Amino acid sequence: MLPDLLAFCFGIGMAYLFHWETRDLVWSLWLSSLTIGYVTIVSTIAGGIYLGLRIVRHNDFPANMKTAALWGILGVALFFLGFFSLHFCAFHAGHASFLSSFFPIQGLPPERFASAFMNPPLLWSTAIQYLFPLYGLFLLPMLIAEREHVFASLTKAIQLARRIQSDDMDVERFIEEHRHRGKNKEVGRLFYQPYLNVIRMHFLIFFFAIAQAWGIEGFPVYALVYAVYFFPWSKQFPKTAEA
């Protein structure tokens with residue numbers, strides 16, 4: 001829990017020190033969702049590549065299938081990278097286009113995010129040029145808060161690769177076992193976890209809008225939002241079924 005507490009103190013300290021307004025909090029969360037979410041997706045793909053290469057390089061893997069398997073790994077990795085780069089970035093570009101009409105950024109052309117809807121490089125260049133100088137430091141506490149999700153797939157791939165390297169590991173049995181496991185929800189969660197963070201950010205922005213309409217804003221609002229975002233509530237209040 002200590003890292004989460006440090007992340008909370010770091011984030012709330014930044015809001016207090018730099019006198020952030022609601023606009024700053026909204027865009028810092030948006031930048032964090034884009035950056036941390038995309039790193040999570042890339043980490044997941046990298047974990048799959050690493051594990052696939054370890055399987056193919058194993059002595060028990062059929063030699064006549066190695067070339068086809070390597071091309072298959074490369075093709076699947078490029079497909080997922082291209083698909084999620086386009087879809088995830090388009091999701092954030094549309095979101096940012098909506099946000100910029102309510103919380104405009106000084107110096108940023110209003111049509112910039114709309115133009116980046118199907119253009120991930122333009123979206124990233126816009127974020128780097130206009131948002132990273134203002135809110136890039138906020139990525140540090142966010143990375144701490146999301147540490148269990150960002151590199152979960154890569155870490156698991158490394159652990160599985162160590163099993164594959166053992167002499168008594170049956171590659172065919174391993175592939176069959178994890179082929180069936182791949183059908184469960186845990187694998188899918190590695191990719192939809194970044195989207196869950198976007199949905200959570202949507203709810204927070206609705207909260208900001210209601211609070212601002214009622215004239216409630218400032219440091220107490222930030223403290224409440226950061227407490228919700230950073231504090232590990234699920235660890236402190238586990239499900240009754242798991243008790």
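**Close-up views of a predicted all-helix model**

**Figure 1. The loop residue His 19.** His 19 is found in the loop between helix 1 and helix 2. The model shown here and in the other views is predicted. Just after helix 1, the backbone of His 19 takes a positive phi of about 55°, although His 19 is not a glycine. With a relative accessible area of 65%, His 19 is exposed, since the cut-off for that class is over 50%.

**Figure 2. The protein chain as a whole.** The secondary structure comprises twelve helices and zero strands, so read from the N terminus on, every element of the chain is α. The chain has 243 residues, of which 40% count as buried. About 14,000 Å² of the chain is exposed, and carbon and sulfur atoms supply 67% of that area. Among contacts with a separation of 6 or more, 80% are accounted for by residues 24 or more positions apart.

**Figure 3. Helix 1 and its two sides.** Helix 1 covers residues 2-17, 16 residues in total, and reaches 22 Å from its first C-alpha to its last, close to the 22 Å expected at 1.5 Å a residue. Its buried residues are Asp 4, Ala 7, Gly 11, Ile 12, Met 14 and Ala 15. Seen down the axis of helix 1, these buried residues fall within an arc of 150°, so they line one face of the helix. On the other side of helix 1, the residues Leu 2, Leu 6, Tyr 16 and Leu 17 are exposed.

**Figure 4. Met 14 on the buried face of helix 1.** Met 14 lies in helix 1 and counts as buried, at 5% relative accessibility. Not counting residues up to four places away in sequence, Met 14 touches Trp 20, Leu 137 and Phe 138. Of these partners, Leu 137 is 123 residues from Met 14 along the chain, while the two C-alpha atoms are separated by 8.8 Å.

**Figure 5. Helix 2 along its length.** The end C-alpha atoms of helix 2 are 51 Å apart, which agrees with the 51 Å that its 35 residues should span at 1.5 Å a residue. Of these 35 residues, 26 are buried, so helix 2 is largely enclosed by the rest of the structure.

**Figure 6. Ser 32 within helix 2.** Ser 32 is found in helix 2, which runs over residues 22-56. At 1% relative accessibility, Ser 32 counts as buried. A polar atom of the Ser 32 side chain lies 2.8 Å from the backbone oxygen of Ser 28. Leaving aside neighbours within four places in sequence, the residues in contact with Ser 32 are Gly 37, Phe 138, Leu 139 and Met 142. Phe 138 also appears among the residues touched by Met 14.

**Figure 7. The largest nonpolar core.** In soluble globular proteins, nonpolar side chains tend to be buried together. The largest nonpolar core in this model has 50 residues, and those with the most contacts inside it are Trp 27, Trp 30, Phe 208 and Tyr 226. At least two residues of this core are supplied by each of helix 1, helix 2, helix 3 (66-102), helix 5 (120-135), helix 6 (139-145), helix 10 (185-213) and helix 11 (219-230). Helix 2 gives the largest share, eleven residues. A second, separate core has nine residues, including Leu 51, Val 56, Ala 69 and Ala 157.

**Figure 8. The surroundings of Trp 30.** Not counting residues up to four places away in sequence, Trp 30 touches His 92, His 95, Ala 96, Leu 99, Phe 113, Leu 123, Ala 127, Leu 131 and Met 201. Trp 30 is one of the residues with the most contacts inside the largest nonpolar core.

**Figure 9. Ser 100 in helix 3.** Ser 100 is found in helix 3 and counts as buried, at 14% relative accessibility. The backbone oxygen of Ser 97 lies 2.9 Å from a polar atom of the Ser 100 side chain. Residues up to four places away in sequence aside, Ser 100 touches Trp 27, Pro 110 and Phe 113. Phe 113 is also among the residues touched by Trp 30.

**Figure 10. Arg 200 and Ser 33.** Arg 200 is found in helix 10. With a relative accessible area of 26%, Arg 200 is partly exposed. Arg 200 and Ser 33 are 167 residues apart in sequence, yet 9.8 Å apart in space, C-alpha to C-alpha.

Terms used. Residues numbered from 1 in each chain as written. Predicted model: local features only at pLDDT ≥ 70, side-chain atom pairs only at ≥ 80, totals over all residues. Heavy atoms only, no water. Helix = DSSP H or I, 4+ residues; strand = E, 2+ residues; numbered from the N terminus. Expected span 1.5 Å × (residues − 1). Buried < 20%, exposed > 50% of the residue type's maximum accessible area, 1.4 Å probe, protein only. Arc of directions from axis to C-beta. Polar contact = N/O pair within 3.5 Å; in protein donor to acceptor, adjacent residues only side chain to side chain. Contact = heavy atoms within 4.5 Å. Areas by Shrake-Rupley, 256 points an atom, 1.4 Å probe, with all protein chains shown as cover. Core = buried A, V, L, I, M, F, W, Y, C linked by side-chain atoms within 4.5 Å.
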